[in-house]
Amino acid sequence: MDSTTSNSAARTNKRWGLPLILPCLLYLLAQLLSSQRVFEGHILVVYDLKLAALTALLVLFGYRVFPGFILLAAYTLLLRPQAEVNELLCYLAASLISTYLYRLSAGWRSSASFGRIQLTSKRIVWLCGCNAVLSIIFCEVVCWLMYHRTPSTIRYSDLFSAETLVRLQGIMNGCATGIPLFYTVLRIIDRPKYWFTCARAMKAQFSANVSLLQFTVWSALVIGLMVCLNISYQSNILFTFYSLILIFPLMLWSAVRIGYVFTSPVWTVMMIVLAKNNENYIALNDDFMLHQVLVSTVIFIFTLTLVIMGVLARFNTLRFEQLLHMGLTDPMTNMPNLRALKADIKASPNSTVCLIQVPEMELFSRRYGLHFRARYQKKLAEHLGATLNADEKVYYHAGFGLLLKLEQPSWGRLSILYGAANTFRYSHNNQQLGFRSGLGYCRATQFCNDVYSLTGKLGIVSGLSLVNGKPENLEAQSSRIIESYIVGRTDIRTVLQKTLDNDAFVLMAQPIVSTRGEERYHEILLRMLDEEGRFIPPDRFLPVATEAGLAPDIDLWVIRNTLKTMQQHPERSFSINLAPVTVCRGSFVHHVQLLLTEFGVNPQRIIFEITEADALSDTEQSQNTVRSLKSLGCRVAIDDFGTGFSSHARLRDVSADILKIDGSFIREITESEVSHYIVESFCHVAKMKNMQVVAEYVENEKIQRCLERMNVDWLQGYHIGKPVPLLSLV
């Protein structure tokens, strides 16, 4: 308790003690650093820092500095001449008014450190311009009121004289350069750790933009010109105020490249030195006042330029860093993204990249939205972060998982990461959710310039990991198969789109023969050629077409070209297979109706084959499609029956014309009693539903005879007839 009370008292003493002591010390220091010059028996103010000192105290300490100002006023009133008392009172009034107006304009951030672009214009207007003008006006008013009683050593008789202009610009130069310097010194005294903040900011911009050689050359030039300006030798033009003009581009370069934090105090020190040695580069002759006004004006304008350019350079640097951060960070999770990973593995090519994939997240993201996925990824990243070393990072993955960069991890560490990902539980709506994850990993050496390809391949490996229940290495022997798989599917996708665009598919027709002497019909089979003219099996390109969303377009292409052939040969009948996604598309039946009308084909001669999963689906759209096709007059066949999770009970609710029994049962019908019984039971149920039965994969005469004994209506297979090009058939 005593310790707490003691600490609180110490903080209170510091909070009020420094503002009480510092005004007197800082004002006296400002008097020493300010510069004046005697001209025609009067004092000409060249550079004045006293107003800057008072304003800096007000900006940092606010109302807490009032007791210190009272103490300073009492000291000056008792121990200093009346002219200094008048000047102090004018400066106090000007600084109080201008600082009050500045705080009204700047708001709660008015005490922030200097160099911020949002506050710079307000500080120039109120703390520099308004401050200096008010101080001059107050001094002139006081001089006019007390002129007959107190002879002044400073001539105020003409408010618009050159001497007043030099004094005004000297005060404005002092405010523009002195306030930031005094503020920084005071803040370091109040909080010594602020020195490290300034040093870090200075070092960051210096190391990023300036080499040691450049800084050395710059320093040598600045020091050389300062020497020329501060020694009494005016027989050469370099030893006159001409050298001052040469300093300006050097300081401007410093403000832009080295930064405001470094340039501002350096320029303030240079101003103090130049003001103290004003007579060395401005000779006391007939043109003295003209030269003094010119130099004072040029210095003031360039001081503002330095301040503005330095602040703009700092602002641009901060904005560039923010844009860079935005480019390397995912906006939803605020985690580093693939660009950041690419940059990091370039810097550390021997590191290992891991992909933790959570496939189930896709389903939950659809239900709860992308924010659910983002929150899950952030929490999972925090959970995994506990197992990572200091130089290892977690990255956002646009899919459903996370990427990690590890430094030469052992199998044990990878197994720990895999276990941590799979044991992680996420709390959502008072539920603990756990998702199975796969982990694929690979050394980044060969993928430094192609991180996007790496993450794609790791996605395949992480899927394998999910099946095998352990981390999987992309570089293992199985990766060759994965590489071939990826390349093959991408090549097929390219050929698929090209074939569809060019109407280059090949239609084949395989006969389906009746066991009762009815007219045969043919099943349309789709074939595609690769770039070398070789056939690509349907089981390779049809899944790719489904993934790419091209299956409905391909099905419509098949229907159109089949109907075009039937237009020339209306006596033919054909069956056409439909992809699952086509059946679920609401506009499909309408397109079929338009095509039937366009080609004038009898709908009774068209059979649409729908897979068992779609025909027996409970989805409303698939059932509507079946009913709508039948209402058009087309016939519907259930293809591959027996391979799904159907039952005779579900078959009872299906309205179809034909049942095609899957070939896996037909192949073994003569060898397996179970297959024989299953096919026989399918036939019985179909007869009860008035459905005709088609047996696929009739490969020999023995199977044919067996099926005929079962009274199967139609036979299809290589023993019955091989597929032939549709154009050759008609």
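Let me start with helix H2, residues 50-61, and helix H3, residues 66-79, whose axes in this predicted model come within 10 Å and cross at roughly 155 degrees. An angle over 145 degrees counts as roughly antiparallel, and H2 and H3 are therefore roughly antiparallel to each other. If you look at the contact itself, Leu-54, Leu-57 and Leu-58 on the H2 side meet Phe-66, Phe-69 and Leu-72 on the H3 side, and by class that makes 6 nonpolar residues, with no polar and no charged ones.

Now please turn to another helix pair, H22, which covers residues 588-599, and H24, which covers residues 620-632; these two pack at an angle of about 15 degrees, with their axes 10 Å apart. Because angles under 35 degrees count as roughly parallel, H22 and H24 are described as roughly parallel to each other, and their crossing is right-handed. The contact is formed from H22 by Phe-588, Val-589, Val-592, Gln-593 and Leu-596, and from H24 by Thr-625, Ser-628, Leu-629 and Leu-632. Sorted by class, the residues of this contact comprise 6 nonpolar and 3 polar, and again no charged residue appears in the count.

Next, the strands. Strand S8, residues 438-443, is mostly covered, in that 5 of its 6 residues are buried. S8 pairs with strand S3, residues 352-357, in the antiparallel sense over 6 bridges, and within that pairing you can find Cys-354 standing opposite Tyr-441 of S8. S8 also pairs with strand S9, residues 472-473, but here in the parallel sense and over 2 bridges; for Gly-440, the bridge partner in S9 is Glu-472. As a general reminder while you look at this region, side chains in a regular strand alternate between the two faces of the sheet.

Finally, I would like to dwell on a single residue, Val-166, which lies in helix H6, residues 162-190. Is Val-166 buried or exposed? Its relative accessibility is 1%, and since buried means under 20%, Val-166 counts as buried. Leaving aside residues up to four places away in sequence, Val-166 touches Leu-44 and Val-45, and also Met-289, Gln-292, Val-293 and Ser-296. To set a distance beside those contacts, consider Thr-499, which is 333 residues from Val-166 along the chain, and whose C-alpha atom is separated from that of Val-166 by 84 Å.

Note on methods:
Residues are numbered from 1 along each chain as its sequence is written. This is a predicted model: local features need pLDDT of at least 70, side-chain atom pairs count only at pLDDT 80 or more; totals for chains, interfaces and linings use all residues. Side-chain values use heavy atoms; hydrogens and water are left out. Axes are lines fitted to C-alpha atoms, for helices over the stretch in contact, and angles run from 0 to 180 degrees between N-to-C directions. Helices (H or I, at least four residues) and strands (E, at least two) are DSSP runs, numbered from the N terminus. Angles under 35 degrees count as roughly parallel, over 145 as roughly antiparallel, 65 to 115 as roughly perpendicular and the rest as oblique. A crossing is left-handed if the near helix is turned anticlockwise from the far one by less than a right angle, and right-handed if clockwise. Contact means heavy atoms within 4.5 Å. Ala, Val, Leu, Ile, Met, Phe, Trp, Tyr, Cys and Pro count as nonpolar, Asp, Glu, Lys and Arg as charged, and the others, Gly among them, as polar. Buried means under 20% relative accessible area, exposed over 50%, partly exposed in between (1.4 Å probe, protein chains only). Two strands pair if DSSP finds at least two bridges between them.
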